Amino acid sequence: MSVTPVTLGEGRTPLLRAPRLSARLGVEVWLKLEGLNPTGSFKDRGMALAVTRAVEQGAPGVVCASTGNTAASAAAYAARAGIAAAIVVPAGAVAGAKLAQVRAVGARVVEVEGSFTDAYEASLALAEREGYAVVNSVNEDRIEGQRTAALEIVEELGGLPDALLLPYGGGGNTKAYARGFLEAAGRLPRLHPAEAERRADTFASAIRIVEPVHRAEVEDAVARSGGAVVSLSEERLERAWRALGAEEGVFCEPASAAGVAALERGVARAGERVVCVITGHGLKDADAVRRVAA
Ligand code: F0G
């Protein structure tokens, strides 16, 4: 059976030079602006494919557990496809704008007392009961769709960057970039997934995940690439997030600055060409600005 692809115009995001960051750090820094996807995060790339597949398989709806962005994306693509969406979130831990995005397109929100992992288990039970497709990043279509960002980078730079730096929550995106780079260039740039030291309660709520579901594959790809996982204090995350706004005019949500924070830790050598993936838009978590200003 063939179905019409479900799309909202995802992908083909800008790859922007960051001249002030580059001058300050002595590296050639490029920013992949994934917050400019239709629902404001990189999740849309894989969600287009995952929801298309759910429709193809005749699923009456989709379900996911989320810290907010997967939720906003799943809800929008399900609405676009005309199927239901149920979103399971850890109660009180999701930025308000992300829940607003979910509700605005008519999806059902289920709040679970507990962590992201508890929400994930609840979402699997719900999927079983309702016959919904699970669109978390354990869904291969999500990874396959997200890999396209790496293809775009290689195309635009005319080759691999020396290093790729990106936030590390569950690890699905790191896995997707590794796949895309191998496909486009046959080898990997140094991979530097950047996680919060305080995974359980970081102010960067998008990456508040204690148990990364793709940890083994992330560690394997990182080792093969000659890179390293970088752990960041709250202070470093916050400083990089503010610097990106003040120095480059790029307003992202706190988690999305993790790659830049890793760069500030000195993981790149002088003159190298590096790409930081800016995963989500600043308007996703405007409250973070208020909290920091206070
Ligand atoms: N950046 C943002 C803005 C995110 O929302 C996420 C994950 C990540 C980075 C980390 O990506 O999990 O592939 O390593 N957000 C998920 C969600 C957990 O539910 O929206 P990862």
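In which segment is Arg12 found? Arg12 lies in the segment before strand S1 (15-17). The model is a predicted one, and this residue is a convenient place to enter it. Arg12 has a positive phi of about 55 degrees although it is not a glycine. Most residues other than glycine have a negative phi. The relative accessible area of Arg12 is 61%, so the residue is exposed, the cut-off for that class being over 50%.

From here the account turns to helix packing. Two packed helices are described by the angle between their axes and the distance between the axes. Helix H3 (residues 69-81) packs with H4 at an angle of about 15 degrees, and the two axes are 8 Å apart. H3 and H4 are therefore roughly parallel to each other, since angles under 35 degrees count as such. Their crossing is left-handed.

Helix H4 also holds Leu99. With a relative accessible area of 11%, Leu99 is buried, because it falls under the 20% limit. The C-alpha atom of Leu99 is separated by 8.1 Å from that of Val109, and the two residues are 10 residues apart along the chain.

Another residue of H4 takes part in a salt bridge. The side chain of Lys98 meets that of Glu253, with 2.8 Å from N to O. This pair links distant parts of the chain: Lys98 is in helix H4 (residues 96-104), Glu253 is in the loop between H10 and helix H11 (258-264), and their positions lie 155 residues apart in the numbering. Both Glu253 and Lys98 are buried.

The structure holds 25 salt bridges. One of them joins Arg53 and Asp141, whose closest N and O atoms are 2.7 Å apart. Here too distant parts of the chain are linked, as Arg53 belongs to helix H2 (residues 43-56) and Asp141 to helix H6 (residues 140-146), 88 residues apart. The two partners can be described by their accessibility. Arg53 has 32% relative accessibility and so counts as partly exposed, whereas Asp141, at 12%, counts as buried.

Glu144 and Arg147 form a further salt bridge, with 3.8 Å between the closest N and O atoms. Glu144 counts as partly exposed because its relative accessibility is 30%. Arg147, in turn, has a relative accessible area of 13% and is therefore buried. The two residues belong to a network of salt bridges that links Glu140, Glu144, Arg147, Arg179 and Glu183.

A second helix pair is made by H7 (residues 148-157) and H8 (residues 172-185), which pack at an angle of about 45 degrees with their axes 7 Å apart. That angle makes H7 oblique to H8. The crossing of these two helices is right-handed.

Next comes a contact between separate stretches of the chain. Ala268 is in the loop between H11 and strand S10 (273-278). Its relative accessibility is 19%, so Ala268 counts as buried; the limit for this class is under 20%. Ala268 and Asp162 are 106 residues apart in sequence, while their C-alpha atoms are 8.4 Å apart in space.

The last helix pair is H10 (residues 234-248) and H12. These helices pack at an angle of about 110 degrees, with 12 Å between their axes. H10 and H12 are therefore roughly perpendicular to each other, the range for that description being 65 to 115 degrees. H10 passes H12 in a left-handed crossing.

Helix H12 (residues 286-293) also contains Val289. Which residues form a nonpolar patch on the surface together with Val289? The other members are Phe251 and Leu283, and the three have about 260 Å² of accessible area together. Val289 itself is partly exposed, because its relative accessible area is 37%. That value is consistent with the rule that patches are made of residues with over 30% relative accessible area.

Technical notes: Residues numbered from 1 in each chain as written. Predicted model: local features only at pLDDT ≥ 70, side-chain atom pairs only at ≥ 80, totals over all residues. Heavy atoms only, no water. Patch = residues over 30% accessible without salt bridge, like charges linked within 9 Å, V, L, I, M, F, W, Y side chains within 5 Å. Areas by Shrake-Rupley, 256 points an atom, 1.4 Å probe, with all protein chains shown as cover. Salt bridge = Lys/Arg side-chain N within 4 Å of Asp/Glu carboxyl O. Helix = DSSP H or I, 4+ residues; strand = E, 2+ residues; numbered from the N terminus. Buried < 20%, exposed > 50% of the residue type's maximum accessible area, 1.4 Å probe, protein only. Axes fitted to C-alpha atoms, helices over the stretch in contact; angles between N-to-C directions. Parallel < 35°, antiparallel > 145°, perpendicular 65-115°, else oblique. Left-handed = near helix turned anticlockwise from the far one by under 90°.
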